[in-house]
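Thanks for making time this morning. I would like to walk you through one structure, going from its surface to its interior and then to the chain as a whole.

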Amino acid sequence: MLDHCSISHKGGLVLWSRSFTPEASHIASSAASPVNSLIREALIESRATGEKYEKDGYAVKWTFVNDLELIFVVAYQRILQLTYVDELLAAMKALFVKLFQPFLSTFVASLHAGSNNTVSAVSAVTSLNFSSAFEGWDKYFEALLKKLEDKAVQDRKSRLRGPAYTQPVTESPPLSDDQTEPTQSEDNTQDEQQIARNVQALKARLRGRGGRRGGRPLMRSLDSGSGRDSVNNSDSEATSKRKAAKKAGRKWGDDAPTEEDMESLNYSVEKHDVDTISSAKDVQSLLDVTSMGSRNTDGLYEVKDWEFEVNDTVSAALKTAEVELTSTSSSSLGALGSLFSRLTGSKTLTEQDLKPVLDVMKQHLMKKNVAKEIADKVCEGVGESLIGKKVGGFQTTSSAVRMALSTSITRILTPKTSTDLLLSIRTKLSSPLTSTQQRVPYSMTFVGVNGVGKSTNLSKVCFWLIQNGLRVLIAACDTFRSGAVEQLRVHVRNLSLLGVDGAADSKGRVELFERGYGKDAAGIAKEAIAYARDNDFDVVLIDTAGRMQDNEPLMRALAKLVTVNNPDKIIFVGEALVGNEAVDQLKKFDRALRDFSSGSGSGKERGIDGMLVTKWDTVDDKVGAALSMTYVTGQPILFVGCGQTYTDLRQLRVSNVVQAILSD
């Protein structure tokens, strides 16, 4: 366990520190603290040998960031063997610099600017708000430390188990010219005699039991004298006389099977008694408690945010730490920073200056799974915003280019319409009606290509709606794919087992409306909405068949469903794994819906209203599909799916996506 950890400037200003015990906190605030001793006796007087300093039972390790004049220090009890301290220091350094590079550069520049005037230097430092600048660093540090401690525990357990013991093999001496047989030691002779006695005892035991129990008879035995295999003829003859057991066929008799017989053999319908027995066991596997959302001040259930900075950034920092521990020549700004370093000096940026940087930026975006067409557009916008801008040095140029890219991506990802589905639902349900009108439920249609997870993520959205106290009707309008209706039936059964805020179940809050296979999907959706209206359902979720974007007949059928039923939201379900294909899919789905719906006679054009991106947990920081999809339609990403349980639904924050795309 650590005692103290701190990040300081070489001038003596402590930027951040943490003590893990009351005693360590008291010692750290005194002049006799091991960190003060390190600075006073080792660093200032240059008496440090290596990168470890020991004082009064404490061991202190440190590392520098020379460009930013920072010192990272970790102190712990010398008696403890903490193997992860070096990795912790390297990861802290990489993560801290990566997160707070612009502020740290400004801080160092202000110190150097006021170096000739002490009063101005002090005023420049005091004007900086360190608490707000480093807000959230404690969360990063805790996640980083926990990962390293867990890794150390696993390594210690594996060492305690130790490798499997193997009998050492002794080499026999080389044969001389007159020797025809290898020599045998006395120990080897005794071993062979012991093996022979064991084999004889085993044979006698097997003969007494009539062969091996519970399996086939022993076909081969070891000859006690020579140790060679010999065939047991008696066992072989006994085996040949045995007859293999045959599966007994079902005998119906002379009469035709009755309805009771057929019912007992019908395994396609739900067995309520079986469900009752297995429901208690299965209900826990349907939810991931760690990924459950929370309720806000208004009592509404909100899904969790996808937080790249806590999970993925820490992992990336650990990888960076491993590289730094094996190689001392590593850049703190990554691949993009090495190119930004070319733009130094006080000058006005031109198109020729920016071209090599923008080319590498384009490659960086494409590595993040951004479609090529979108990467070209983003880089073009960044270049236009930087041409003619004056830069005064390496850090200024780096910050300017990164800021321009961040601004461009943020502008693209920022929703143009509201992403609050609950607000839209409650607004429609609470709107005033005349005495002759009947309230119509809120309807959402899920569309997309084959195999992206429409039905699975529809059920996740249904769970979210149930948790907010809404009654949901799922319309099975995929009348083509085998098993589509049965899949939704299983989801409805599972969702019925899951209660709201600890209630026993959710029966009555979710139902399935289906008319089998081979029917008109638009007609089924219309009947489902009418059924939901008559039975006081709040929301209708319409599941559609997957189809390729180039299949015109199927796209016309989808446009017919949209035109006839006029759903409140048309949600496109796409994969996070696709790159350029995402642009093609969304463009053609949106274009086909608009063209065919406007040409159907209604005159009302409908397109994609929002996106749900699935398999988000498989791409790590390569989240460029979100940028591509939003750029094409201008519509927001409502949710992302990131797992196999009903709670594995996340909301996207623009800042988190921008950080993931800009990460090296």
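Let me begin with a nonpolar patch on the surface, about 320 Å² in area, which is made by Met1, Ile79 and Leu80. Before going further I should say that this is a predicted model, and I would ask you to keep that in mind throughout. Of the residues in the patch, let me take Met1, which is placed in the segment before strand S1, the strand that covers residues 2-9. Met1 has a relative accessibility of 52%, and because the cut-off for exposed is over 50%, Met1 counts as exposed.

Now to the interior, where my example is Thr445, a residue of strand S13, which runs over residues 442-447. Is Thr445 buried or exposed? Thr445 counts as buried, because its relative accessibility is 0%, and the cut-off for buried is under 20%. If we set aside the neighbours within four places in sequence, the residues in contact with Thr445 are Ile542, Thr544, Leu561, Pro567, Lys569, Ile570 and Ile571.

Finally, the protein chain as a whole. It has 664 residues, of which 42% count as buried, and it contains 23 helices together with 20 strands. The area that the protein chain exposes is about 36,700 Å², with 51% of that supplied by carbon and sulfur atoms. As for contacts, if we consider those between residues at least 6 apart in sequence, 71% of them join residues that are at least 24 apart.

Note on methods
Residues are numbered from 1 along each chain as its sequence is written. This is a predicted model: local features need pLDDT of at least 70, side-chain atom pairs count only at pLDDT 80 or more; totals for chains, interfaces and linings use all residues. Side-chain values use heavy atoms; hydrogens and water are left out. Helices (H or I, at least four residues) and strands (E, at least two) are DSSP runs, numbered from the N terminus. Buried means under 20% relative accessible area, exposed over 50%, partly exposed in between (1.4 Å probe, protein chains only). Contact means heavy atoms within 4.5 Å. Accessible areas come from the Shrake-Rupley method with a 1.4 Å probe; for residues, only the protein chains shown count as cover. Patches are made of residues with over 30% relative accessible area and no salt bridge: like charges are joined within 9 Å, nonpolar side chains (Val, Leu, Ile, Met, Phe, Trp, Tyr) within 5 Å. A salt bridge is a side-chain nitrogen of Lys or Arg within 4 Å of a carboxyl oxygen of Asp or Glu.
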